[in-house]
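Please look over the chain below, with attention to how its helices pack and how its nonpolar residues group together.

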Amino acid sequence: MPNANSILQQEALSIHIFADGFSFCSPSQIDFTHTPIGEKDFQPAFDEFFAYHKIQAEATLQVIQFEYPSTFVPNALFDEKQKDKYNSLYQSIPDKVQIEFDTLNALNITNVFPFSTSLLSILNKSSLSFSLVHYNTLLLEWISKQEASSSHQHQVYVHLQKNTLDVFLFSKRKFLFSNRYSIKNTDEFLYYLFFIAEQFDLQDQFELIFLGNYVPFSAYYKAASSYHTSLIHIGSSLGESFDLSQHPAPFFIPNS
């Protein structure tokens, strides 16, 4: 298991919802279940996991949405009655979802995201008390608490998960921009990363900060270091034995 990440509470149980599976996590283990027949795979895995963790599940459960991208909206512009419209400007919304949102009061931002209605129905029918959150909410909250470099005006935070790049741009501790990109190789990774640098006229005057240090992403780290000298890792690391089939987003693996 990794070194401590403060992004998740050590004692919490959590379910991580991905497009191709579900990860049921406790502080001592992770169980990723692929979903070849879709959401019908969720119910038996859900029942089995919480039968084993019955006592612990009565205390706390966090459900984290990874499947769909989210949209950040300034609180001053957010209207809950119009919440269905925000994501539609960014992505095609499937029919069998409902729109949820997280409010980040410290940053004056609301994070709007889709969530499967069938999965939510399963959760609601259980006797468990749970909180629903998008992973971008947790990432942005965690990043905003990090100390900014005194030698760079801009910080580009990079979160890597399986076939996905998440980028968060800060300037003088002020959040400016974020986006999620699908990537298949280092060329696509570098294209998106330095496209952002060009669009915001960062040149080479920014600090590139990777969330975590994981062997499956080593090619991306090496590629970035070939083009940018100010590069650091923060958060946890995993040994060479870790594979993304165990969990597609290792930065979110709970503490051991």
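Q: Is the crossing in which α1 passes α4 left-handed or right-handed?
A: This is a predicted model, in which local features need pLDDT of at least 70, side-chain atom pairs count only at pLDDT 80 or more, and totals for chains, interfaces and linings use all residues. Residues are numbered from 1 along each chain as its sequence is written, and side-chain values use heavy atoms, leaving out hydrogens and water. A crossing counts as right-handed if the near helix is turned clockwise from the far one by less than a right angle, and as left-handed if anticlockwise. The way α1 passes α4 is right-handed.

Q: Which residues of α1 and α4 make the contact?
A: Contact means heavy atoms within 4.5 Å. On the α4 side the residues are Leu119, Ile122 and Leu123, and on the α1 side they are Phe42, Gln43 and Phe46.

Q: At what angle do helix α1 and helix α4 pack?
A: Helix α1 covers residues 42–52 and helix α4 residues 117–125, and their axes lie 11 Å apart. Because angles under 35 degrees count as roughly parallel, α1 is roughly parallel to α4. The packing angle is about 30°.

Q: Which element gives the most to the largest nonpolar core?
A: A nonpolar core is a set of buried (under 20% relative accessible area, 1.4 Å probe, protein chains only) Ala, Val, Leu, Ile, Met, Phe, Trp, Tyr and Cys residues joined through side-chain atoms within 4.5 Å. The largest has 55 residues, and Val156 and Phe252 are among those with the most contacts inside it. Elements that each supply at least two residues include β9 (154–161) and α6 (186–199). With 6 residues, the element that gives the most is α5.

Terms used:
Axes fitted to C-alpha atoms, helices over the stretch in contact; angles between N-to-C directions. Helix = DSSP H or I, 4+ residues; strand = E, 2+ residues; numbered from the N terminus. Parallel < 35°, antiparallel > 145°, perpendicular 65-115°, else oblique. Buried < 20%, exposed > 50% of the residue type's maximum accessible area, 1.4 Å probe, protein only.
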